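Student: Could you take me through the empty space inside this protein, and then through the helix packing that goes with it? I'd like one connected walk rather than a list.

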Amino acid sequence: MNRKNLILTALVGASVAAAGTLFAQDAAGTPAAAAAVVPAVSPVPAADSAQNFFVNNLWVLIGGMLVFMMHLGFAAVESGLSRAKNCTNILFKNTMVPPIGFLTYAAVGFALMYPGAGNWLLGHAFGFAGFGLTPPEGDPFAYNGAFTFWTDFFFQGMFAATSATIVSGAVAGRTKLNSFLLFTLVFVTLVYPIVGSWGWGGGWLADLNFHDFAGSTFVHAVGGWAALAGAILVGPRIGKFVNGVARPIMGHNMPLAVIGVFLLWFGWFGFNGGSVLNADPEKISFVLVTTMFGASAGIVGAALTSSIVLKKPDLSMTLNGCLAGLVSITAGADCVSWGASILIGLIGGVVVVLSVLLVDKIRIDDPVGAVSVHLVCGVWGTLAVGIFSTVPEYTFGVQLLGVLAGFVSFPCALVIFWAIKKTLGLRVEEETELRGLDLDEHGAEAYAGFQIFSNQ
C-alpha cells in the first residue's frame, strides 16, 4: 500500500475508532455515552409565545431557502460531470425543474401528500384534500401552533422538485428536453406526493412507526428508483459500452462539480436541520452535527475505497462519497448517536464506489452516479435507522418494509417513461447526440466561440 493509501487508511481508522469508543461507552452505560445519544424524540411543542412562533417560522423558512439553493448544486454537479456540448441543456433542465415542482405541488401535490385526517379515500394509502391551497382562516397560530400554513407549504414545496432533479443526472446527454420535462411534471405531481403521504402525511407507514427523518426514502430513494427506470429505458450514451466493456466518458469541468457538491453539502444543513420543524436549539444542533459527520465519513470512505479498487484516489468518486454520506444519514440524523452517524456515512462512502462500478458492469449508463448515490445509499440510510436508532420503536423490519414500499416508484416511473417513449420519444437522434444537445435542442453553446465542443 502506497503512502496515499496509508494516509487514507489512517483517516478511516480514526473514524472507526471514534465510533467504537462511543459504542463501548454505550455498553458500559457511562455518562459520556448518555451525552452522546440524541435527545428523546418528542412532538413539536405548541408555541407559547409570539417570540417562539416567530423563531420557529424563521428557522423553517431559512431551511427551505437552503433546500432551494441545493438546485444550484445539482445543476453544477451534473453539468460538471457531463460533456461540455450538453452543458446548456443540463443547466436548462435544472432551471425548469424547481418551478415545475413548486407549481404542481401547489396545485395538487401538497393536498396529496398531506390530505389531513378526514380526507383519506382509500384507508391510509391514498388521500386528497382538494385542488389548490386553502390556508385556514383566522389566527395563524391555529394551523399547528408552531408555524404558519405558508411556512409549511414553502418548506415542503422545496423538497418536491428534488426527486425529479435526481433523475436528470441519470439520463443526461441523450434525452429529449420536452420528454424529460413532461416526465418531471407527471412524476412530481403524482408519484412523489402519494408515496410521501404514506409516511410524512400520516399514512400507513406512519401508523407502523416507519421513520424517515428528512427523506432517505421519500426523496432520495424515490428519485433514485425513477433515475434507474429512466437510465434503463433511454439506454446508454454512444460510446459508453464498447464490446461489452464500460468506457469512461469524462466530465468537462471538475471545479464546477466540486463547487456543486459543496453547495449541496451546505444546503443539506437546511434539508436536515429544517426538518426538525421547530427552532429547538438542542435538536437542530444535534442534527447538524450528525449531518456533518455523515458527509465527512462518506468522503473518507469513498476516497479510501477508490484508492484501493482503482489504484488511485478518484475525485468524482470522492465527491459522490460526500453525497452518499449525506443521503445515508438523512433518514436517521435525529435518532442515531454521533458515533453511529460516522459509521453510517463511512459505509455509504464505501458502498457508493462499489455501486457505481456495479452499475457500469451491468451496462446501465448513469453519467453522474445518481442511482448509486440516491437509490442505493437512500436504501442503506433507511435500513440504518433500524440498526442504529436510539429509539426502540424504530425497528429494522418496519424500515425494510418502508424500503420495499418505496420501490413502487420504479414501476410508476417505468410506465411514465414508456408512455413518453411511445408517443414523443425519449432519445434524441444519433446526430444530435454526437453534436451535442446544446446546439440542436437550444441553438446555443454554454461556451460560445469554442467550436471544439460542437465536434466532440
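Tutor: Here is a walk from the cavity outwards to a pocket and the helix pairs that share elements with them. Keep in mind that this is a predicted model.

Let's start with the enclosed space. Searching the whole structure turns up one cavity of 30 Å³ or more. Its volume comes to about 130 Å³. The lining takes in 15 residues, and those nearest the centre are Phe74, Val77, Val368, Ala370 and His374. Four helices each put at least two residues into that lining: α3 (50-80), α6 (162-170), α12 (315-330) and α14. By class, the cavity lining has eight nonpolar residues, six polar ones and one charged.

Now follow α14 away from the cavity. Helix α14 spans residues 370-388, and its axis comes within 7 Å of that of helix α15 (residues 396-406), with a crossing of roughly 165°. That angle is why α14 counts as roughly antiparallel to α15. As for the hand, α14 passes α15 in a right-handed crossing. On the α14 side the contact uses Val379, Thr382, Leu383, Val385, Gly386 and Ile387, and these meet Phe396, Gln399, Leu400 and Val403 of α15. Sorted by class, that contact holds seven nonpolar and three polar residues, with no charged ones.

Next, go back to the cavity and leave by α6, which is one of the helices giving at least two residues to the lining. α6 packs with helix α9 (residues 216-234) at an angle of about 35°, their axes 8 Å apart. This crossing is right-handed. From α6 come Thr162, Ser163, Ile166, Val167 and Ala170; their partners in α9 are Phe218, Val219, His220, Val222, Gly223, Gly224, Ala226, Ala227 and Ala231. The class count here is nine nonpolar, five polar and no charged residues.

The way out through α12 leads to a pocket. The second largest pocket has a volume of about 660 Å³. Of the 27 residues lining the second largest pocket, Pro248, Ser316, Met317, Val356 and Asp360 are nearest its centre. Two elements give two or more residues to that lining, α12 and α13 (338-361). So what's the make-up by class? The lining of this pocket divides into 15 nonpolar, five polar and seven charged residues.

That leaves α13 and its packing against helix α11 (residues 281-309): the axes come within 6 Å and cross at roughly 40°. Here too the crossing is right-handed. Along α11, the residues in contact are Phe286, Thr290, Phe293, Gly294, Ala297, Gly298, Gly301, Ala302, Thr305, Ser306 and Val309, while α13 offers Trp338, Ser341, Ile342, Gly345, Leu346, Gly349, Val350, Val353, Leu354 and Leu357. The tally for α11 with α13 is 12 nonpolar, nine polar and no charged residues.

Conventions:
Residues numbered from 1 in each chain as written. Predicted model: local features only at pLDDT ≥ 70, side-chain atom pairs only at ≥ 80, totals over all residues. Heavy atoms only, no water. Axes fitted to C-alpha atoms, helices over the stretch in contact; angles between N-to-C directions. Parallel < 35°, antiparallel > 145°, perpendicular 65-115°, else oblique. Left-handed = near helix turned anticlockwise from the far one by under 90°. Contact = heavy atoms within 4.5 Å. Nonpolar A, V, L, I, M, F, W, Y, C, P; charged D, E, K, R; others polar. 1 Å grid on protein atoms, 1.4 Å probe; cavity = no way out; pocket = protein on both sides within 12 Å on 5 of 7 lines; lining within 4 Å. Points joined across faces, edges and corners; volume = space filled by probe spheres on them.
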